[in-house]
Amino acid sequence: MKIAEIETPALLIDREIVLKNLEKMQKYADKFNVSLRPHTKTHKMPYFAKMQVAHGAKGITVAKVGEAEVMAKEGLSDIFIANEIVTRQKFARIITLQKAGVKVSFGVDSVGVLRLIDETFGEAGEIARLLVEIEVGENRSGVIEEGDFRALMGAFKECKNVEFCGVFSHDGHSYKAKDKRECEQIFRVATKRTLKFADIAREFGYENFTVSIGSTPSLINDFEIPKGVTELRPGTYIFMDASQANAYGSFDMNAASVLSVVISKPTATRTILDAGAKALTKERRSEGFCTTPGMGLIAEHEVWIDSLFDEHAIILNEKFTKSVRMGDLVRIYPNHICPVVNLYDYAYLVSGDEVCEKVPVLARGRIE
């Protein structure tokens, strides 16, 4: 099957670029003797998770229990849920995974939830594997105060049905860095803070635990990994997108695109495509070196989409209008690939003009 035969809009993944991206990140991790545990919320496909493991990844990261269930069903057996899980219902689902032989760990950042986990897992005769999230400047979840972390470490010592497996952080605010130098500075500060909390954990007698960090902008630019870090959790690197390409400084790593067709040219300066917000989302980056000046980049023409309706993309560019005809196909680099993948039932793995495989997005919609 040829790409020209695909119904649009469609999600395309370039096989050769994906393989290069996997090799690049694995070599980076190996260079600093750290494990790679890629975040699969980007692709939501066991197909690509297995490729990552085959290239050397220690295991995988997911965002939600639902994603973990999908990955486990397809044979992935070492899964970290990089999120706080706080309800008995979700604990029960994790316990079911563990009883089926899947190694599952997940995040915690409060004493109260830790005690609830201890109680729930104890009732099931299971041990919960937990990593404590450290807030490093993104202003999201995670422990902020050292006193709170010490209280959490003390509670771990009192609980009988939990295992302290390490600490993790996410320097997502690196997306807003003005340039690579500032991105590296954010990475350094975030990593230093993560390692500081790891040192506090050692005061409580813990050794040989995971110190996990993650954020694609910080990791695609080959910054030196400080001693003490044991694991990397990048996600977007496998596919990349328009904003991450800006951070990287090149589109060479862009493996994902949305195939769309020209459906209207009502004026000499306005062109309409059939990929709207339901194919691309309306997300854009508005700050720092990930800034996207439009709603997606039309790769071959280096033209940005000006606006999106539900089913239409609007391009206001006379040169572009003159260069395309009705029915022409174009490829769009989305601004943020992670939510875009979640819009599709499957992706087309392509090589050149050929479709190699139709890959189901099995974890699509698993946000619970």
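What follows is a friendly conversation about a predicted model.

Colleague: Let's start with the open sheet. Which strands stand at its edges?

Modeller: The sheet is made of 8 strands with parallel pairing, in the order β2-β9-β8-β7-β6-β5-β4-β3. Two of these strands each have a single partner, so one side of each is left without a neighbour in the sheet. Those edge strands are β2 (35-36) and β3.

Colleague: And in β9, which residue is the bridge partner of Ser35?

Modeller: Strand β2 pairs with β9 (residues 231-232) in the parallel sense, over 2 bridges. In β9, the partner of Ser35 is Glu231.

Colleague: Now to strand β1. How many of its residues are buried?

Modeller: Both faces of β1 are covered. On one side the buried residues are Ala10, Leu12 and Asp14, and on the other they are Leu11 and Ile13. The strand (residues 10-14) is therefore largely enclosed by the rest of the structure, and its buried count is 5 of 5.

Colleague: Which residue of β17 stands opposite Ile13?

Modeller: β1 has pairings with two strands to look at here: an antiparallel one with β10 (residues 256-264) over 4 bridges, and a parallel one with β17 (residues 346-351) over 3 bridges. In the β10 pairing, Leu11 stands opposite Val258. In the β17 pairing, the residue opposite Ile13 is Leu349.

Colleague: Let's turn to helix α3. Which elements do its buried residues pack against?

Modeller: Of the 9 residues of α3 (residues 65-73), 7 are buried, so the helix is largely enclosed by the rest of the structure. The buried ones are Val65, Gly66, Glu67, Ala68, Val70, Met71 and Ala72. They pack against α2 (46-54), β3 (60-62), β4 (78-84) and α4 (88-99).

Colleague: Which residue just after α3 takes a positive phi?

Modeller: Look at the chain just past the end of the helix, where phi is about 100°. The residue there is Gly75.

Colleague: Is Thr120 buried or exposed?

Modeller: Thr120 lies in helix α5 (residues 111-123). Beyond its neighbours within four places in sequence, Thr120 is in contact with Arg88, Phe91 and Ile95. Its relative accessibility is 8%, and because the cut-off for burial is under 20%, Thr120 counts as buried.

Colleague: Which backbone oxygen does the side chain of Thr120 reach?

Modeller: Thr120 has a partner elsewhere in the chain, since its C-alpha atom and that of Arg88, 32 residues apart along the chain, are separated by 6.9 Å. The oxygen that its side chain reaches, at 2.8 Å, belongs to Leu116.

Colleague: Now for the empty spaces. Which element gives the largest share of the lining of the largest cavity?

Modeller: There are 2 cavities of 30 Å³ or more, and the largest holds about 40 Å³ of space. Its lining has 4 nonpolar, 5 polar and 1 charged residues, among them Phe187, Ala190, Thr191 and Thr194. The largest share, 4 residues, comes from helix α7 (residues 180-203).

Colleague: How many charged residues does the lining of the second largest cavity have?

Modeller: This cavity holds about 30 Å³ of space. Its lining includes Glu133, Glu135, Glu138 and Arg140. Alongside 2 nonpolar and 2 polar residues, the number of charged ones is 4.

Colleague: With which side chain does His170 make a polar contact of 3.4 Å?

Modeller: His170 lies in the loop between β7 (162-168) and α7. Leaving aside neighbours within four places in sequence, its contacts are Val136, Glu138, Arg140, Gly214, Ser215 and Arg233. The polar contact of 3.4 Å joins His170 to the side chain of Arg140.

Colleague: Which element supplies the largest share of the lining of the largest pocket?

Modeller: This pocket holds about 820 Å³ of space. Of its 38 lining residues, the closest to the centre are Lys41, Glu138, Arg140, His170 and His336. At least two lining residues come from each of β4 and α12 (337-341), and the largest share, 3 residues, comes from β4.

Colleague: Last one: how many charged residues are in the lining of the second largest pocket?

Modeller: About 160 Å³ of space lies in this pocket. Among its 13 lining residues, Arg37, Lys103, Ser105, Cys165 and Thr210 lie nearest the centre. The lining has 5 nonpolar and 2 polar residues, and the charged ones number 6.

Technical notes:
Residues are numbered from 1 along each chain as its sequence is written. This is a predicted model: local features need pLDDT of at least 70, side-chain atom pairs count only at pLDDT 80 or more; totals for chains, interfaces and linings use all residues. Side-chain values use heavy atoms; hydrogens and water are left out. Buried means under 20% relative accessible area, exposed over 50%, partly exposed in between (1.4 Å probe, protein chains only). Two strands pair if DSSP finds at least two bridges between them. On a 1 Å grid over the protein atoms alone, a cavity is a set of points where a 1.4 Å probe fits but cannot get out, and a pocket is an open set with protein on both sides within 12 Å along at least five of seven lines; lining residues have an atom within 4 Å of a point. Grid points are joined across faces, edges and corners, and a volume is the space filled by probe spheres set on the points. Ala, Val, Leu, Ile, Met, Phe, Trp, Tyr, Cys and Pro count as nonpolar, Asp, Glu, Lys and Arg as charged, and the others, Gly among them, as polar. A polar contact is a pair of N or O atoms within 3.5 Å; within protein, one must be able to donate a hydrogen and the other to accept it, and residues adjacent in sequence count only if both atoms are side-chain atoms. Contact means heavy atoms within 4.5 Å.
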